[in-house]
Amino acid sequence: MRVYIKTYGCQMNESDTETMAGILSHEGFEIVDDVESADVVILNTCVVRQKSQDKYHSALGQLVKLKKQGKIKLIGIAGCGSNLEGERLLQLGADFVIGSRSIVEIANVLKRAVEGEKIVYLEDRTCDIVADLPKLRSTKHHAWITIIHGCNRFCTYCIVPYVRGRERSRPIQDVLKEIEGLTQQGVIEVTFLGQNVDAYGKDLKDGTSLAKLIEETSEFDRIKRIWFLTSYPTDITDELIDVVANNPKAAKSFHIPVQSGSDRILKLMNRRYTSAQFLKLVEKIRSKVQDVAISSDIIVGFPTESEEDYLQSVELVRQARFERLNLAVYSPRPGTVAAKYYPDDVPYSVKVKRLNELLNLQKQINAELNRSYLNRTVELFVEGKTKDGSHYGRDIRNKIVIFTAEKPLQPGECVRVKIDRVTAGPVYGKMI
Ligand code: SF4
């Protein structure tokens, strides 16, 4: 039976898709690349925004039509949508629903669905996600590794703690065993994932931390670069900053969502820091980690966000000078505190105007920062080819570099590139 898995949302879902694909293929199912060749389609869903939820609802509607036409046999839903909607997804036409903490059971759930059973399986089986679970990775040289599930932070706009549950770390020995296996398959780069990745180890109460994991991972000769995503500002420890600063294999890159520059809005969001504390953290990281790249996320149009609040976000962006900034327009997520208690009172046109202004400011900052790349030589791992035949990869600061080479290169090859052109986005160069 042929299975296609469509992934929505974050890297944690991508990692879960690789695990599900690995388990299914190990159990004799064939994993295919498109709906047309599939008997079973699984949507690995995201609910972080209303738009994300609308997307998979619409895809589910299309799949139900294909099923009626006899073009596919079964529809499954995985990911955060399963945790949030459960049974309702069966009513919308799904045959099986599997929770994000239950993916270890995917083959059994699918087999039961093949027998004609309608199933909603949401049991927490995170402790069964062990190192030797098979994975079918989309790239050979890089692996996403989820090290902590869930989040305890309860930001008022966010549905994640309700759908992904509380923080639960994987034992460090288990993660290291997984990495050892990956190195034998040719993996040279790993990205540790968690909704709040800096909280890794806290619940284990045995001294495990992200810093310790990075140090131990760097002991593997074959591992050349180590990334981690996503950081919560107050959970970043001095120990972690020092490890990133001093360990040559640790990527010089932090992604730290700030979400707003207004202390009043930060409080309403239940983010437990002020804009001054955030900027101090940025300064501390920059003073310790040479040539570090810091990126962030901001939400515009949070309930009651006044022009003054918004201008404080603008000021924070000016001061922080992020390497990259992801912007989102606030949309209420049913089930969150913000959706329940705060009026969504910033007009959509104002939200979009604020988003565009911040986008333009960030572009300007990017163009200025990228100028420092001109004539620099950077080392990077090849990730793939662009449509025009150039290659691309990212350097240790997570900068996307597009370059020409005189010979064909394979993903994962380490090359040196001299930068000769910069834009507000990628930088361009030639392999030397
Ligand atoms: S830190 Fe806040 S925004 Fe991030 S996953 Fe946790 S609750 Fe959501």
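Author: In what follows, two strands pair if DSSP finds at least two bridges between them. With that in hand, welcome to this predicted model.

Reader: Thanks! In which order do the six strands of the open sheet run?

Author: This sheet is open, and its pairing is parallel. Going across it, the six strands come in the order E2-E1-E3-E4-E5-E6.

Reader: Which strands stand at the edges of that sheet?

Author: An edge strand here has a single partner strand, so one side of it is left without a neighbour in the sheet. That is the situation of two strands, E2 (30–31) and E6 (119–121).

Reader: In E5, which residue is the bridge partner of Gly76?

Author: Strand E4 (residues 74–79) and strand E5 (residues 96–98) run parallel and are joined by two bridges. Within E5, the bridge partner of Gly76 is Phe96.

Reader: Moving on to strand E7, is it largely enclosed or left open by the rest of the structure?

Author: A residue counts as buried when 20 or more other C-beta atoms lie within 10 Å of its own. Strand E7 covers residues 142–146, and four of its five residues are buried. The rest of the structure therefore leaves E7 largely enclosed.

Reader: And in E10, which residue is the bridge partner of Ala143?

Author: E7 runs parallel to strand E10 (residues 189–193), and five bridges join the two. In E10, the partner of Ala143 is Val190.

Reader: There is a ligand too. How do the residues of the shell around the ligand divide into nonpolar, polar and charged?

Author: Surrounding the ligand are Cys151, Arg153, Phe154, Cys155, Cys158, Val160, Pro161, Gln195, Asn196 and Tyr232. By type, this shell divides into seven nonpolar, two polar and one charged.

Reader: Are helices H8 and H9 roughly parallel or roughly antiparallel?

Author: Two packed helices are described by the angle between their axes and the distance between the axes. The axes of H8 (residues 210–217) and H9 (residues 238–246) come within 8 Å and cross at roughly 25°. Angles under 35 degrees count as roughly parallel. H8 and H9 are therefore roughly parallel.

Reader: Is the crossing of H8 and H9 left-handed or right-handed, and what about H11 and H12?

Author: Helix H11 (residues 275–288) packs against helix H12 (residues 307–320) at an angle of about 15°, with their axes 11 Å apart. That angle makes H11 roughly parallel to H12. As for the hand, H8 passes H9 in a crossing that is left-handed, whereas the way H11 passes H12 is right-handed.

Reader: Which residues does a cis peptide bond join?

Author: Most residues other than glycine have a negative phi, and most peptide bonds are trans. The cis bond in question has an omega of about -5°. One of its two residues, Thr230, lies in the loop between strand E11 (225–229) and H9. The pair joined by this cis bond is Leu229 and Thr230.

Reader: Does Lys205 count as exposed or buried?

Author: Lys205 sits in the loop between E10 and H8, and it has a positive phi of about 50° although it is not a glycine. A residue is exposed if 12 or fewer other C-beta atoms lie within 10 Å. Lys205 has 8 such neighbours, so it counts as exposed.

Reader: What is phi of Asn398 near?

Author: Asn398 is in the loop between strand E16 (391–394) and strand E17 (400–404). With 16 other C-beta atoms within 10 Å, Asn398 is partly exposed. Its phi is positive, though the residue is not a glycine, and the value is near 75°.

Reader: Now the closed barrel. What is the average twist from one strand to the next?

Author: The barrel is built of five strands in the order E15-E16-E17-E19-E18, and their pairing is mixed. From one strand to the next, the twist averages 50°.

Reader: Which residue in E18 does Phe381 stand opposite?

Author: Phe381 has its place in strand E15, and it is partly exposed, with 19 other C-beta atoms within 10 Å. E15 (residues 377–385) pairs with E18 (residues 414–422) in the antiparallel sense over five bridges. Opposite Phe381 in E18 stands Cys414.

Reader: One last one: what distance separates the C-alpha atoms of Phe381 and Arg416?

Author: Along the chain, Phe381 and Arg416 are 35 residues apart. In space, their C-alpha atoms are separated by 8.9 Å.

Technical notes:
Residues numbered from 1 in each chain as written. Predicted model: local features only at pLDDT ≥ 70, side-chain atom pairs only at ≥ 80, totals over all residues. Near = placed C-beta within 6 Å. Nonpolar A, V, L, I, M, F, W, Y, C, P; charged D, E, K, R; others polar. Axes fitted to C-alpha atoms, helices over the stretch in contact; angles between N-to-C directions. Parallel < 35°, antiparallel > 145°, perpendicular 65-115°, else oblique. Left-handed = near helix turned anticlockwise from the far one by under 90°.
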